[in-house]
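Could you walk me through the place where the two chains meet? I have the structure open in a viewer and would like to know what to select next.

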Amino acid sequence: MEDINLTSNKTTQKKQTSKFLIGSLIIFLVIFITGAALVIYSFLLKSQGAKLEEEKARVKSSISVYALQKEKLSTLTERLANIRRIISQRSSIDSKVELILSTVPTNLGIDRINADDIKISIDLSSSDLATFDTLLEERIPMLTQNKDLGVSRIDIGSFSQSGSGYSLALNFYFNNQTKTKTR
Amino acid sequence: MKKDLKQSYVKYKKQLTPIIFLALSLFIIFGVIVPQLSAVSESSRQIQNNAKDVEELKKTLSVVASQNEADLTSDLSTSLKALPHSKDITLIFGALSSSAASSQIQLREFSLEVGGLFGGAQASSVNIKGSPSVNVIARVSAGNPFILIKFSNEIQKRLPLAQVTQIDANEALATFNISFYYKPLDLTLISREPNAAPLTQADSDLINKLKEWDEQ
């Protein structure tokens with residue numbers, strides 16, 4: 001005996017159509033609720049944004065009462081920043097000269113000093129030749145060990161005898177980026 | 001034609017409702033949800049920025065309201081003396097004189113480059129980037145070289161801020177090239193700044209140091 005299918009085509013189709021309808025309705029409802037929720041949320045955010053704008057305007061208005069103090073404080077801060085920068089970047093020729101002169105034995109006369117950021121030249125004189133020896137053999141080498149001074153080269157400009165005395169010209173060259181001390 | 005339409009409607013009416021629902025869903029997605037998502041994102045970003053601005057403004061209000069007017073004026077005056085907004089010859093002369101007196105040296109003469117009239121040398125040089133300066137040549141009686149060093153040291157602990165750029169000393173006379181710094185004020189920029197920060201401890205220390213130099 002053949003199997004008899006009691007379910008007709010029409011009933012199957014009806015069930016499928018029903019599922020499709022319910023599915024599309026669910027999708028529509030979900031999307032609708034999502035859209036509505038987003039619209040409400042967006043409205044709430046705009047309201048919050050407007051309140052913040054109001055508060056911002058209110059605080060700005062309060063600050064405007066202290067406009068003069070604010071300007072003074074801002075000017076002071078700006079000045080201090082520039083002052084700090086200048087002080088930290090100032091070179092210190094006098095410190096370098098002082099360090100160099102402190103190595104010169106006291107019985108050597110200092111006839112001339114010429115100093116700038118790159119080079120310091122000193123002219124020395126004495127009748128005692130041994131003092132020059134002390135300077136060149138002991139004091140100058142000690143000076144070169146001072147890394148803070150930043151001496152890149154030392155040379156003898158001239159050495160001459162005049163009567164019973166001797167004259168020596170020394171040149172000290174510096175590494176420009178080195179600062180001896182910051183004030 | 002009408003009969004065909006009617007027949008088609010009868011045949012497909014059960015599928016029509018779901019299609020309408022799906023079409024409406026698509027409309028809501030592209031017409032409402034997508035634009036709202038970008039609007040919500042933009043609003044959130046603006047709220048975040050505004051909240052931050054309000055916070056900063058409240059801090060500024062707190063800072064400016066708590067300032068002692070007298071102290072602020074005094075500190076500002078000192079800072080403007082240290083770095084004037086224009087070339088101040090009176091201050092420069094005062095600094096040179098008091099440095100000479102302090103190092104017990106005689107100030108013979110001084111000259112400064114005020115400005116070229118046409119072409120020629122520039123009115124001010126810039127030794128430190130961003131800070132114009134007035135070049136001054138000061139001649140002092142020479143003596144003990146260490147006294148000359150003391151003068152050089154003293155001038156750099158006076159107001160306005162200065163830097164000795166060259167020393168040329170022989171037995172009779174010493175010449176100092178000194179740069180005195182100044183910096184014009186940009187009041188437009190300062191007034192446009194919405195916020196103000198309180199002075200830090202480093203700022204207070206610097207002001208105290210400048211006041212010490214001012215008293216010398």
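Start with polar contacts: in this predicted model, 22 residue pairs, both at pLDDT 80 or more, are in polar contact between chain A and chain B. To see where chain A's side of the contact comes from, colour helix 1 (9–64), helix 2 (67–89), helix 3 (93–103) and strand 1 (109–116) of chain A, the elements that each give two or more residues to the side touching chain B. Now keep helix 1 of chain A on screen: with 27 residues, helix 1 provides the largest share of that side. Colouring the chain A side by residue class gives 27 nonpolar, 17 polar and 21 charged residues.

Next, pick out the charged pairs. There are 5 salt bridges between chain A and chain B. For one of them, select Lys72(A) and Glu69(B), whose closest N and O atoms lie 2.7 Å apart.

Then move to the strands. Show strand 1 of chain A together with strand 4 of chain B (residues 162–169): the two pair in the antiparallel sense over 4 bridges. Click on Ala115(A) and look across to Ile167(B), its bridge partner in strand 4 of chain B.

Finally, zoom out to the whole contact. Select 65 residues from chain A and 83 residues from chain B to display everything that takes part. Between them the chains bury about 6700 Å², with 70% of that on carbon and sulfur atoms. As a last stop, highlight Leu73(A), Arg79(A) and Arg90(A): these lose the most area to chain B in chain A, together 10% of what that side buries.

Definitions and conventions: Residues are numbered from 1 along each chain as its sequence is written. Chains are lettered from A and ligands numbered from 1 in the order in which they are written. This is a predicted model: local features need pLDDT of at least 70, side-chain atom pairs count only at pLDDT 80 or more; totals for chains, interfaces and linings use all residues. Side-chain values use heavy atoms; hydrogens and water are left out. Contact means heavy atoms within 4.5 Å. Buried area is the accessible area (1.4 Å probe) that two parts lose on being put together, summed over both. A salt bridge is a side-chain nitrogen of Lys or Arg within 4 Å of a carboxyl oxygen of Asp or Glu. A polar contact is a pair of N or O atoms within 3.5 Å; within protein, one must be able to donate a hydrogen and the other to accept it, and residues adjacent in sequence count only if both atoms are side-chain atoms. Ala, Val, Leu, Ile, Met, Phe, Trp, Tyr, Cys and Pro count as nonpolar, Asp, Glu, Lys and Arg as charged, and the others, Gly among them, as polar. Two strands pair if DSSP finds at least two bridges between them.
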